[in-house]
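Reader: I have a protein model open and do not know how to read it. Where should I begin?

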Amino acid sequence: MSTKLLLEGTDLESLLARVRDDYGPSAHIISAERVRTGGIGGFFTKERYELTLEVGEEETAAQPAGIAEPAGIAEPAGIAEPAAPIMAPETAARA
């Protein structure tokens, strides 16, 4: 299941960077709108941006943004003990 989020800001580039940093590459932008409010006849309007994005549950969990779980990687097997004890070079010269 996915979650829809609405982000607002005055700069579109900073909003896109925030999406990339906070939610990772799996976040999908559904819509991006430029919203103008206030003003008289187009003068003195304030402009802001709204991004609607869809994020899966895995991304909204406590997992840090941009770090995905590796898929298909098996746990490493135990390290085998060496057949003979390994000696330091100075000890090997005396033996």
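**Reading the sheet and its helix**

Author: Begin with a pair of strands, and keep in mind that this is a predicted model. Strand β1 (residues 2-9) and strand β3 (residues 46-56) are paired by eight bridges, in the antiparallel sense.

Reader: What holds strands of a sheet together in general?

Author: The strands of a sheet pair through backbone hydrogen bonds, and the pairing is either parallel or antiparallel. Here, one position to look at is glutamate 8, which stands opposite glutamate 50 in β3.

Reader: How many bridges join β2 to β3?

Author: Strand β2 (residues 28-37) is joined to β3 by nine bridges, and these two strands run antiparallel. Histidine 28 faces glutamate 54 in β3, and valine 35 has arginine 48 of β3 as its bridge partner.

Reader: In what order do the three strands lie in the sheet?

Author: The order is β1-β3-β2, in an open sheet with antiparallel pairing. β1 and β2 are the edge strands, each pairing on one side only. On average, neighbouring strands of this sheet are turned by 20° against each other, direction ignored.

Reader: How does the sheet fit into the chain as a whole?

Author: The protein chain has three strands and three helices. Read from the N terminus, the elements follow the order β-α-β-β-α-α. Among contacts between residues at least 6 apart in sequence, 62% join residues at least 24 apart.

Reader: Where does α1 lie with respect to the strands?

Author: α1 lies across β1, β2 and β3, and runs at about 20° to β3. You can also check its length. The twelve residues of α1, at 1.5 Å a residue, should span 16 Å, and the end C-alpha atoms are 16 Å apart, so the two values agree.

Reader: Which residues of α1 are buried?

Author: The general idea is that an α-helix has 3.6 residues a turn, so residues three or four places apart point the same way. In α1, the residues Leu15, Val19 and Tyr23 are buried. They cover an arc of only 45° around the axis, which means that they sit on the same side of α1.

Reader: What does the face turned away from the buried side of α1 carry?

Author: That face of α1 carries Glu13, Arg20 and Asp21, which are exposed. After α1 comes glycine 24, with a positive phi near 80°.

Reader: Which residues make up the largest nonpolar core?

Author: The core has nine residues in all: Leu7, Leu15, Val19, Tyr23, Ala27, Tyr49, Leu51, Leu53 and Val55. The elements that give two or more residues to this core are α1 (12-23) and β3. β3 gives the most, with four residues.

Reader: What does valine 19 touch?

Author: Not counting residues up to four places away in sequence, valine 19 touches Leu7, Gly24, Ala27, Leu51 and Leu53. For the whole protein chain, buried residues make up 15% of the 95 residues.

Reader: Now the loops. Where is phenylalanine 44?

Author: Phenylalanine 44 is in the loop between β2 and β3. Its phi is positive, about 65°, although the residue is not a glycine.

Reader: Is phenylalanine 44 buried or exposed, and why?

Author: A residue counts as exposed over 50% relative accessible area. Phenylalanine 44 has 76% relative accessibility, so it counts as exposed. Leaving aside neighbours within four places in sequence, phenylalanine 44 is in contact with Gly38 and Gly39.

Reader: Which residues is threonine 45 in contact with?

Author: With neighbours within four places in sequence left aside, threonine 45 is in contact with Thr37, Gly38 and Gly39. Threonine 45 is also found in the loop between β2 and β3. With a relative accessible area of 32%, threonine 45 is partly exposed. Its C-alpha atom is separated by 9.7 Å from that of valine 35, and the two residues are ten residues apart along the chain.

Definitions and conventions
Residues are numbered from 1 along each chain as its sequence is written. This is a predicted model: local features need pLDDT of at least 70, side-chain atom pairs count only at pLDDT 80 or more; totals for chains, interfaces and linings use all residues. Side-chain values use heavy atoms; hydrogens and water are left out. Two strands pair if DSSP finds at least two bridges between them. A nonpolar core is a set of buried Ala, Val, Leu, Ile, Met, Phe, Trp, Tyr and Cys residues joined through side-chain atoms within 4.5 Å. Buried means under 20% relative accessible area, exposed over 50%, partly exposed in between (1.4 Å probe, protein chains only). Contact means heavy atoms within 4.5 Å. Axes are lines fitted to C-alpha atoms, for helices over the stretch in contact, and angles run from 0 to 180 degrees between N-to-C directions. The expected span of a helix is 1.5 Å times one less than its number of residues. The arc is that of the directions from the helix axis to the C-beta atoms.
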